[in-house]
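Biologist: I would like to learn how to read contacts, burial and domain boundaries in a model of this kind. Could we go through them step by step, with the structure in view?

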Amino acid sequence: MTPQDARRTVADALIEIVPDADVDAFPASAPLREELELDSLDFLTFVELLSSRARVRIDEMDYPRLATLDSSVAFLVEQTA
Amino acid sequence: MDDTTRRELPPAQPGAPDYPTLLRTASWDRVRQDLAPLPGGRSLNIAHQAVDRHVDEGRGEVVALRCVAADGTTTRVTYADLRRETNRFAHLLGELGVARGDRLVSLLGRQHEQYVVCLGTLKAGAVFCPLFSSFGPDPIRERLLRSRASVLVTTESLYRRKVAAMRDDLPHLRHVVLVGPSGAAEGPGLIGFDEAVARQPGEYDVARTEPSDPALLHFTSGTTGQPKGAVHVHEAVVAQRLSAELALDLHPGDVFWCTADPGWVTGTSYGIVAPLVVGATVVSFAGEFEAQVWYRILAEQRVTVWYTAPTALRMLMRYGTDLPRSHDLSALRHVASVGEALNPEVVAWGAEVLGLPIHDNWWQTETGSIMISNYPGMPIRPGSMGRPVPGVDAAVLALGEDGRARVQDGVLPAAVGQTGELALRAGWPSMFRTYLDDEERYRACFADGWYLSGDLAALDEDGYVWFVGRADDVIKSAGHLIGPFEVESVLLEHPEVVEAGVIGMPDELAGEVVRAYVTVRSGSTADDHLRRDLVAFSRRRLGGLAPKDIVFDEHLPHNSSGKVMRRVLKARALGLPEGDLSTLERQP
């Protein structure tokens, strides 16, 4: 997955949960859960969407790597390499 | 039930008093005798018990709070510090014209100031009303209006995002105090917390409140109508302390972590009041749930007593056993859970992975303190919420045709093993004393001298209580009580929606999640675009109460008076046979 594809995948997953999120204007290193007010269930939905759309396995121990937009993109790029 | 009871676990602490001993020795009167009196006889003030008495009795240097920020930095606050800080905040309220009995709303996270604001408000004789900071603007406005609070304490960010736009619609709200970096509170009617508190004197003459004076206001949700404001009085501290000692095994010297948010009753009664009254050290973590971080806090803070929720425990279970085993959890002595029924697998997981079974307990916003519990010296029957806290008279009452306790011609206990409504003999010290401005709804909660909880349960032959479900349509998600009416009301404000029915769908992690069924106006297209618009709309307005799932339905079931029948919706969603519908169509 290219960084561009990964960014699109992450952005689409977030928009699925928070449809009016302005993902393009979103600070790439801000904590996602605070910025978008995602609760624990929202975050798990985010994980499931990323996992199914990028076809990667995401273990619980990987969750901290999904803290920001940038770190999520880096994670997907690495896992799909 | 029989199969489960056979898998009884031995007491977690074999040396601890067994249940008959607790019944014989523990009493609210004993606690009353041990409370530190305020000058002037009958007065009782929660904040005096929680803070000042420890300083007066030479424990001022004991650490009261360890506030762990999201980045892990820890601030320690001694009881002497907390006395000074709460005194200053109480003075500030005086300067702002806050009188005895006035209400203050806090909209804060799990942070140092939350404790100062709560206890300082109580010292001033005013009433503390915490709101969950994940609420959206609509639930916040509703609760601010109903409370008629004159002061709101919040952060600059929460104020800007959730309150500023509706400030003109809140006629009673005179002052907004903003916690955070100085300079943030610029504008009319805004006060910076740090600066305003710093100029106040450090000594304060605590308000001589009576045991029956209001202290805490907690909003809770019902099946119908907007949220109700349950009022608790200073005397609640008696039951909060005894239950903390018995059900949480909490004592002076303990390091206690209650993971509940202070915006809900658990986070106030047991996150703030009870552990400080006991004289323990409270750990408060500002960050969100993250398994690695939570285990690190348990280990690094050497937490001895941990009070958390089934949803959090079920999430931790998903991480397996390596993670907890790589942390030193040897300081832990007692683990308890509240918020929704705790499934037996979680109790067993605790015993295996933490070396400690999880002790389930039960109570409600209205009860003010733990009413039914497991204890360290009592065998655990996994799946049972335990037995009544000594002093509490609990019963399971036989049901009438409406699915609630039958109250005509007096109440009757249900037979052993039969489902009935869980009820409590009125008069325990932390019983709510009214619903704010709604005495009628308050009175409707009682029959024949019993408080009717709205929860269905069964007793086994040894008096253990087993949770069955709710008798009404209230949704319990991740330990939070959500009123379907409040969610439906907001959905109906969307221009495309003509009708809505909101139910809780079973969820293996959260217990239930909120699902909304909506009918759109004719001519409108029920497509994915509209669904997303509704999701965005409800998240914006409701915040953490918003439905996770929205389903279009042109034919919502109605009763004869045209009301949407949530129970029928739920039966359909769960695929229950048509024959079961009649029993589900109960009307209040």
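Biologist: Which residues does B:Gly391 touch, not counting residues up to four places away in sequence?

Modeller: Please keep in mind that this is a predicted model. Two residues are taken to be in contact if their C-beta atoms, placed from the backbone, lie within 7 Å. With neighbours up to four places away in sequence left out, B:Gly391 touches B:Ser27, B:Trp28, B:Leu242 and B:Trp428. One of these, B:Ser27, is 364 residues apart from B:Gly391 along the chain, and yet their C-alpha atoms are separated by 6.3 Å.

Biologist: Where is B:Gly391 found, and is B:Gly391 buried or exposed?

Modeller: Its place is the loop between β16 (384-388) and β17 (394-397) of chain B. A residue is called buried if 20 or more other C-beta atoms lie within 10 Å of its own. B:Gly391 has 21 other C-beta atoms within 10 Å and is therefore buried.

Biologist: Which residues are buried in helix α19 of chain B?

Modeller: In α19 (residues 566-573) of chain B, the buried residues are B:Arg566, B:Arg567, B:Val568, B:Leu569 and B:Ala571. Just after α19(B) comes B:Gly575, which takes a positive phi of about 70°.

Biologist: Into which domains is chain B divided, and how many residues of each are in contact?

Modeller: The division gives domain 1 (2-458) and domain 2 (475-584), with C-alpha centres that lie 30 Å apart. Across the boundary, 23 residues of domain 1 of chain B are in contact with 20 residues of domain 2 of chain B. On the domain 1 side, the elements that give two or more residues are α7 (137-147) and α13 of chain B, and the largest share, four residues, comes from α13(B). By class, that side of domain 1 divides into nine nonpolar, 11 polar and three charged residues.

Biologist: How many residues does the contact take from chain A and from chain B, and which element of chain B supplies the largest share?

Modeller: The contact between the chains takes 11 residues from chain A and 22 residues from chain B. On the side of chain B that touches chain A, α12 (291-300), α13 (310-318) and α18 (528-542) each supply at least two residues, and the largest share, six residues, comes from α18(B). By class, this side of chain B has 10 nonpolar, four polar and eight charged residues. Notice that α13(B) appears in both readings, since it gives residues to the side of domain 1 that touches domain 2 and also to the side of chain B that touches chain A.

How values were computed. Residues numbered from 1 in each chain as written. Chains lettered and ligands numbered in written order. Predicted model: local features only at pLDDT ≥ 70, side-chain atom pairs only at ≥ 80, totals over all residues. Nonpolar A, V, L, I, M, F, W, Y, C, P; charged D, E, K, R; others polar. Domains from an automatic or database assignment. Buried ≥ 20, exposed ≤ 12 C-beta atoms within 10 Å, placed from the backbone.
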